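Please read the report below with the sequence and the structure side by side, and look for each named residue as it comes up.

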Amino acid sequence: SVTFDELSKIAKQTNNKILKSVKLFDVYEGKKLNESKKSYALAFTMGDATRTLTDMHIDKVMKKLMNSFRQQVGAEIR
């Protein structure tokens, strides 16, 4: 019952400093998933006008996003 809008709001609340956009590019519901589940594929665009983002910085933000999704909606990261 989780919607993309909910996930987008969670992402923006988790990090609104460098997260510029969240886009949905695929939704899967099928044989490989439990009947009550669906899989969202999200794309995140990040940027900072004051510095170059490093892999370490982006990884840290992505970990925060994944933890927020797990805690707030019970998401399973694949």
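In this predicted model, the largest nonpolar core has 13 residues, and those that touch the most other members are A11, M46, L65 and F69. At least two residues of this core come from each of α1, β1 (19-28), β2 (39-46) and α2, and the largest share, four residues, is supplied by α1. As a general background, nonpolar side chains in soluble globular proteins tend to be buried together.

One of these core residues, L65, is in contact with A11, T14, F44 and M46, once its neighbours within four places in sequence are left aside.

The two helices also meet each other. The axes of helix α1 (residues 4-14) and helix α2 (residues 55-73) come within 9 Å and cross at roughly 130°; because angles from 115 to 145 degrees are neither roughly perpendicular nor roughly antiparallel, α1 is oblique to α2. The crossing in which α1 passes α2 is right-handed, and the residues that make the contact are set out here.

| Helix | Residues in the contact |
|---|---|
| α1 | L7, I10, A11, Q13 and T14 |
| α2 | K64, L65, S68, F69, Q72 and V73 |

Sorted by class, this contact of α1 with α2 has six nonpolar, four polar and one charged residues.

Is S68, a residue of helix α2, buried or exposed? Its relative accessibility is 12%, and because buried means under 20%, S68 counts as buried. Leaving aside neighbours within four places in sequence, S68 is in contact with I10, T14 and V73.

Key:
Residues numbered from 1 in each chain as written. Predicted model: local features only at pLDDT ≥ 70, side-chain atom pairs only at ≥ 80, totals over all residues. Heavy atoms only, no water. Axes fitted to C-alpha atoms, helices over the stretch in contact; angles between N-to-C directions. Parallel < 35°, antiparallel > 145°, perpendicular 65-115°, else oblique. Left-handed = near helix turned anticlockwise from the far one by under 90°. Contact = heavy atoms within 4.5 Å. Nonpolar A, V, L, I, M, F, W, Y, C, P; charged D, E, K, R; others polar. Core = buried A, V, L, I, M, F, W, Y, C linked by side-chain atoms within 4.5 Å. Buried < 20%, exposed > 50% of the residue type's maximum accessible area, 1.4 Å probe, protein only.
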